[in-house]
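Biologist: Could you take me on a close look at the place where the ligand sits? I would like to know what surrounds the ligand and what the database record says about that part.

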Amino acid sequence: MDEIHSKNGKTQEIQKLIKLSHVAKDRTHSPYSQFRVGAALLCSDGTVFTGCNVENASYGLTICAERTAVVKAVSEGHRDYTAIAISSDLKNNFIVPCGACRQVLAEFGTHIEVYMTRPDLTYHKMTVGELLPLCFTPDQLTREKIAVVSGQNPEGSTVSEIPKLIKSNGLEAEELLSGEQ
Ligand code: THU
C-alpha cells in the first residue's frame with residue numbers, strides 16, 4: 001500500500017499513480033500469456049492499492065491486474081475510488097481494461113477515472129461510464145419490478161403456463177423458441 005498526497009496538484013498525483021502501476025507490473029505472474037499488466041487504484045483518501053495479473057495453469061482462473069487491485073482495496077476496507085492507472089509493455093498502444101474489469105470497476109462508480117498508459121508514461125483518460133455505457137450498476141437491483149411469487153415465474157405463472165403467457169402477450173411460443181418471429 002502506498003500513500004499519495006495531492007498537495008502538489010493532481011497532475012503529479014496522477015503521474016505517481018501511473019508510475020506505481022508500472023512498478024506493479026513487475027510483480028506479474030503471467031508465464032502463459034507473457035503479457036504483463038499492472039494497475040494502481042487511487043482511493044478518495046489518497047491510499048493506493050496496486051495489482052498485477054495473476055495467471056494459472058488452468059487458464060480460465062486468471063485474474064486481471066485491475067481486479068487484483070480492487071479486491072485488495074475492498075478487503076482492506078477501502079471502497080471509494082477516484083482513479084485507476086493501468087500499464088502494460090505495449091510500446092505503441094494504451095492498455096485498455098477488459099470488459100470484466102470495466103464491470104467490476106462500475107460496481108464502485110462510473111465516475112472513476114481510468115488512465116490507460118504506455119511504457120513512456122503517456123496516457124489516455126476516460127471514465128468507467130464512458131468505457132462501459134449502459135452498464136448494469138447496483139442501483140438497478142432495487143428498481144421497481146413486476147410482482148413475482150417466490151419460486152414462480154413472472155405474473156405467478158408456472159413453467160407449463162409460459163407458452164400461454166407469451167401468447168397472451170401477442171407472441172407465438174413456438175415461433176419464439178425456434179427463433180422465427
Ligand atoms: N489482462 C489484465 O490484467 N487486464 C486487462 O484488462 C486485460 C488483460 C491480463 C490477463 C492475462 O493475464 C493477460 O493480460 C493476457 O490476456
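Modeller: Happy to! Let's start with Cys64, which lies in the loop that runs between E3 and H2. Please keep in mind that this is a predicted model. Glu55 is found in that loop too, between strand E3 (47-52) and helix H2 (65-75). Cys64 and Glu55 both belong to the surroundings of the ligand.

Now for the rest of the shell. Besides these two, the ligand has around it Ser33, Phe35, Val37, Asn53 and Thr62, and also Ala65, Glu66, Val96, Pro97 and Cys98. Sorted by character, the shell residues come out as seven nonpolar, three polar and two charged. The two glutamates, Glu55 and Glu66, are the charged members.

Both of those glutamates come up again in the polar contacts. In the side chain of Glu55, an N or O atom is 2.4 Å from an oxygen atom of the ligand. For the side chain of Glu66, the distance from an N or O atom to a ligand oxygen is 2.6 Å. Cys98 takes part through its backbone: a polar backbone atom there is 2.9 Å from an oxygen atom of the ligand. As for cover, the ligand on its own has 380 Å² of accessible area, and the protein covers 79% of this. The space that the ligand takes up is the largest pocket.

Next, the record. UniProt, in an unreviewed entry, lists Cys64, Cys98 and Cys101 under "binding site". These cysteines are spread over 38 residues of sequence, yet they cluster in space, with a largest C-alpha distance of 8.4 Å. Cys64 and Cys98 are included in the lining of the largest pocket.

The annotation "binding site" from UniProt (unreviewed entry) also covers a run of neighbours: Asn53, Val54, Glu55, Asn56, Ala57, Ser58 and Tyr59. From this set, the lining of the largest pocket takes in Asn53. Asn53 and Glu55 are also among the residues that surround the ligand.

To pull this together for your bench notes: the side chains of Glu55 and Glu66 and the backbone of Cys98 each place a polar atom at the distances given above from a ligand oxygen. Of these, Glu55 and Cys98 also appear in the UniProt "binding site" annotations.

Key: Residues numbered from 1 in each chain as written. Predicted model: local features only at pLDDT ≥ 70, side-chain atom pairs only at ≥ 80, totals over all residues. Heavy atoms only, no water. Near = heavy atom within 4 Å. Polar contact = N/O pair within 3.5 Å; in protein donor to acceptor, adjacent residues only side chain to side chain. Areas by Shrake-Rupley, 256 points an atom, 1.4 Å probe, with all protein chains shown as cover. 1 Å grid on protein atoms, 1.4 Å probe; cavity = no way out; pocket = protein on both sides within 12 Å on 5 of 7 lines; lining within 4 Å. Sits in = over half its atoms within 2 Å of the grid points. UniProt positions renumbered as here; feature names shortened; annotations may be inferred. Helix = DSSP H or I, 4+ residues; strand = E, 2+ residues; numbered from the N terminus.
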